[in-house]
Every structure is written in structure tokens, then in C-alpha cells.
Amino acid sequence: MKNNIKKIFFSLITISSVFAFVACNRSNGVASVKENNLFSINYGSFEDELNLFNLSSPGAVNTYITMLDGFFYIANGESKKIMELNSYGDLLSLYYNPEVTKKPSFANDDSVNSTKKAVEYPFNKLGPVAVDSRKNIFAVDCLPQERQEIDTDNRLLLNNVVLWFNSDGTFIDYLGQQGPGGTPFPHITEIYVTTKDELVVVSKTNEGPVVFWFNEAGFLLYKIPFTDSTVPKFKDADEEGNSYVSIHKVIPDNVNHRLFVQVDYFQSYLDPATKVQSGIDFKKTILYPLDVETGRYGEGLDIPPHEESVAEKLSKEVYKIPFDFTGVTDSGWLFFVVPIDKGYLVQMVQPNGQKIIKRVLPVDHSQILYYSLVVSGNGIVSGLFVKKDHADVAWWRTDSLVGGLMN
């Protein structure tokens, strides 16, 4: 699975309110990509509906999307099920907890010509989902409390596993830190599958992200921990301790045993009048390639931030906003996204930084309560957009922009 992006609506409200009085938006000159609104999904308890009734209540939304070869896979944690749909919105497969979702009518169809399948599994609390080229489905789930473990040395709750189903819907095993049947993971933020059908799991710890890289048989190849103190410092960093780093995202290369690490750098802001620290300013984003076999970082790539110009009376302030690293294509293009007034600004960067393409993905934020975005291996941006009474699935054919350009 390519990287999923998950945001709650009030975070968009915050961004929009800051720039509601923008006098000159630099993205005005950036061309838009036509949105293809593919299909809508109603809310309800039937097999082809989503349970997203309680978005106003506190807590995270546990619904995720991924896309492979024009087929969409939606893990709806609220209804404890995974849906496979084609680009017309037809339900092809359903993985469901029978205690929450009724047995679908097509589950009784024994016809050899049936194109639909229903698989029962006692899901507990679903997380991100990924699909490999063999149509194996990998889904994050949270263990029941009695099966959770405590890592006392690192002060971590180990409560996540990755469930593995083959293309027929047969449950193969659950994967833990060491592989099949292993120790549960700390909280999993993302999972990815490479072109070699290798699973990459990104967990969150108190010190930073930890990446577990498995081969196609599910056995651990690499475990790579990250901390703010071990990532490279940029050459102009303040040596007096006024610089700060944040590991924003770690995403695997789809082809090679390599990780891309987005590091955001910040610096203390001193009030020019009082010379007292009054805040922290964003300085820059650098993307570092890390060879997981040698543990060595390659040369960092500066990722230009999004800039918003705000005019007040006779002065003008320029705000720099870091992009969110979203995904990598099979050909190596790096995708970054940031919300803007018109929707989302996507920045596509070649690995060597020689070419940068920017496009606006038009979206009306006022209607969106929650969203999940994903970049496919061929460079298509897809999204699930949760609204008041239904959810929309759409994509943008950004693959046409990067597919014809050589690396």
C-alpha cells in the first residue's frame, strides 16, 4: 500500500482560518488536475455501506483506503470490515466481523461463476490496509486487551498485529515484530507493500518511528529504528542548541531496499526588540534516502515548502508551510501534498530533484469531515472523502504527468 494521508476536518479549519485573508496566493498560477469522482458510498449497516455515523464524537476515525490496478480497498474500522470495490463502486469482496455486519446475500452463492466473495473474521479495531501484486490483503488490527503486551524497558504498549489473507480470502497468519506469530507491534501508523511483495510496517514509539521490513514470505529482513538525534543535521544548523528536528514521515522505496525519511527542521525565533525566544520557526524540509542494508544515509534532497503571502495594512508576511510526504511511485517520483484554499497542492519531485511538478487537486474543504489520500505505484492520487451523509471516492490522473518523463 502506498502511503495513506489522514486528517480530521478541524485541522483543515485551522489552516483555512489562518489564510482566510490571503492577499496573494502563490498557487494561483498552478494548473489544476481534473477530478474524476468515481462513486459514492452510503452510510449504514449493510455490506456495501460504511459506518461513519459518529464523526462528531471524540476519538480518531479508523477508516482507510488504498488502490491497486483500479480496485479500491477500504478498511472501515467502525464497522470492523474491509471492502473491495471496482472503479464503479461495485462490491466485489467483503471481509467482515459477523458480530457487527450481517452475512451478505451473496455469501450463499455457490455458483462457480460468482465474482463476489465474503470472508468472516473477528476483527477488533482495524487500521491501515495494503494489497500486494498477488492480491494478498494485509490489514492492521488491534489485539483484545487480554492479548496485549507491555514493553517495560521502552514504556510501550504492544497491541497491533498485521493480518494476512491470501487472494482466496483464506487467513494465512498474523505478523508480529519477528514475522508470523511474533510479538505484537507498538502502534502502527502505516503499512506498505513493495513491487517485490515485501511488507513494510511503520510503528510509532516514544523515541521515534521504527520500521520493520519483511520478505514476501512474511519473515523479518530489517528492523530500523529512528530518533531525532540520529538523523542528519543540515549544514547551516545552529550549533548552540536552538535548532530542532522532527521526523515527519518514513516511506519505503517501491523497488529497492531503501527508505525515504522526511525530516523537518525548525529554529528558535528571537524577538528582535527583546532578544527573547518567542516561538519556533520552520526552516526547511530535507528528504534523506537511507540504504537499509548498510544503514547509511545518502545525500539529502531539499523539498521546497509551500509559501503563502499575507498582506496586513502596508506590510506583507510570507509563511512557509512544509509539505506532507505522501508516497513514492515505482519509477521513483516523490509525491508531497499540502491543503490549500482550493483543495490540495501536490508537488511531484524526481529523486535527483531536477524536475518538480506542481498541480492543484480541486476540493471543497467545507463539505469534508475526514479524508484519506493514497498514491499508487504508477502515480495516481486517489482519495476517500467523508461528508455529512455519504462518502465519495475520487482520483486524479497525475500518472500522465510523471509517466512520460525520464528520471
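**Exercise 1.** State whether Asp-399, with a relative accessible area of 13%, is buried or exposed, and find its salt-bridge partner.

*Solution.* The model is predicted, so local features need pLDDT of at least 70 and side-chain atom pairs count only at pLDDT 80 or more, whereas totals for chains, interfaces and linings use all residues. Residues are numbered from 1 along each chain as its sequence is written, and side-chain values use heavy atoms, with hydrogens and water left out.

Step 1. Asp-399 is buried (buried is under 20% relative accessible area, exposed over 50%, partly exposed in between, with a 1.4 Å probe and protein chains only).

Step 2. The partner is Arg-397, and the closest N and O atoms of this salt bridge are 2.7 Å apart (the criterion is a side-chain nitrogen of Lys or Arg within 4 Å of a carboxyl oxygen of Asp or Glu).

Step 3. Arg-397 is partly exposed, at 39% relative accessible area.

Step 4. Arg-397 has a further contact: its charged end sits over the ring of Trp-395, 5.5 Å from the ring centre (NZ of Lys or CZ of Arg must be within 6 Å of the ring centre and within 35 degrees of the ring normal).

**Exercise 2.** How many salt bridges does a search of the whole structure find, and what is the burial of Asp-253 and Asp-392?

*Solution.* Step 1. The search returns seven salt bridges. Side chains of opposite charge can pair when their charged atoms come close.

Step 2. Asp-253 meets the side chain of Arg-258 at 2.6 Å, N to O. Asp-253 is buried, at 6% relative accessibility, while Arg-258 is partly exposed, at 28%.

Step 3. Asp-392 bridges to Lys-387, with the closest N and O atoms 2.9 Å apart. Asp-392 is buried at 5%, and Lys-387 is buried at 18%.

Step 4. A network of salt bridges links Asp-132, Arg-134 and Asp-197.

**Exercise 3.** Classify the ring pair of Tyr-121 and Phe-123 and place these residues in their aromatic cluster.

*Solution.* Step 1. The whole structure holds 18 aromatic pairs (rings of Phe, Tyr and Trp, the last by its six-membered ring, pair if their centres lie within 6.5 Å; planes under 30 degrees apart count as stacked, over 60 as edge-to-face and the rest as tilted).

Step 2. The ring centres of Tyr-121 and Phe-123 are 5.1 Å apart and the planes stand at 50 degrees, so the pair is tilted.

Step 3. Tyr-121 and Phe-123 are both buried. They form one cluster with Tyr-95, Phe-165 and Phe-171.

**Exercise 4.** Give the strand order of the open five-strand sheet and describe the surroundings of Tyr-174.

*Solution.* Step 1. The order is S9-S10-S13-S14-S15, with antiparallel pairing (two strands pair if DSSP finds at least two bridges between them; strands are DSSP runs of E, at least two residues, numbered from the N terminus).

Step 2. S9 (126-131) and S15 (179-180) are the edge strands, each with a single partner, so one side of each has no neighbour in the sheet.

Step 3. Four bridges pair S13 (residues 160-165) with S14 (residues 171-176) in the antiparallel sense. Tyr-174 in S14 stands opposite Leu-163.

Step 4. The charged end of Arg-147 sits over the ring of Tyr-174, 5.7 Å from its centre.

**Exercise 5.** Which strands stand at the edges of the open four-strand sheet, and which residue in S19 is the bridge partner of Val-210?

*Solution.* Step 1. The sheet runs S16-S17-S18-S19, with antiparallel pairing. S16 (188-193) and S19 (220-225) stand at the edges; each has a single partner strand, so one side of each is left without a neighbour in the sheet.

Step 2. S18 (residues 209-214) and S19 are joined by five bridges and run antiparallel. The bridge partner of Val-210 is Pro-225.
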